[in-house]
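Biologist: I am just starting out with structures, so please give me a close look at the cysteines here. How many disulfides are there by your rule?

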Amino acid sequence: MDINEFWNLIDESQKDSIDCEQQSETLAELLKNLEASEIVSFEEHFNKKLVESFSWELWGVAYLINGGCSDDGFLYFRGWLISQGKDYFDAALENPENGANNASPDEFNECESILYVARQVFEEKTGNEISSYYVEPNQPSGKKWQEENLEEIYPKIAEKFV
């Protein structure tokens, strides 16, 4: 599976989905139709996107839009970011403030369940666990922020979410 096929599956799972849980269920159904090796490849692409989005800047955005953001919360936010599709994900990497464009002040902008879909489908299909795992870098990329400075760094986001 190449990266375009990965994003096509994300896009297809997003169609007609009203929330993270429904998108994760749809993605599971799509992955069930693939060979085991393709499911592993999907998981590897997903993990690479998690690493690519592991930045202080995006963590700051997640902190503001979700009213705080723990380590786990940031992982779930990045799952949500990926679930929004390639264009949205790429725009957020280019300018972290774009990561708030689809966010809602009335919700946690997180998608934990999408993190486990490929692993669960692979296990159901093969009876085995995927041997590759997501390994988070020691530190996020970019410039570390202080909580009290986030509203100054991202004034438009703060205006909408704080």
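Modeller: A disulfide here is a pair of cysteine sulfur atoms within 2.5 Å. This is a predicted model, where local features need pLDDT of at least 70 and side-chain atom pairs count only at pLDDT 80 or more, while totals for chains, interfaces and linings use all residues. Residues are numbered from 1 along each chain as its sequence is written, and side-chain values use heavy atoms, leaving out hydrogens and water.

By that rule the count is one disulfide. Cys20 and Cys111 form the link, with 2.0 Å from S to S. Look along the S-S bond and you find an angle of 85°, a right-handed link. Cys20 sits in helix α2 (helices are DSSP runs of H or I, at least four residues, numbered from the N terminus), whereas Cys111 is in the loop between α6 and α7, so the bond ties together parts 91 residues apart in sequence. Both Cys20 and Cys111 are buried, meaning under 20% relative accessible area with a 1.4 Å probe, protein chains only.

Now turn to Cys69. Its closest cysteine sulfur is the one in Cys111, 14 Å away, which is too far for a bond. Cys69 still counts as buried, because its relative accessibility is 13%.

For the setting, look at the largest nonpolar core, which has 48 residues; such a core is a set of buried Ala, Val, Leu, Ile, Met, Phe, Trp, Tyr and Cys residues joined through side-chain atoms within 4.5 Å. Helices supplying at least two residues each to this core include α2 (20–32) and α6 (86–94), and α4 gives the most, with eight residues.

Note on methods: Buried < 20%, exposed > 50% of the residue type's maximum accessible area, 1.4 Å probe, protein only.
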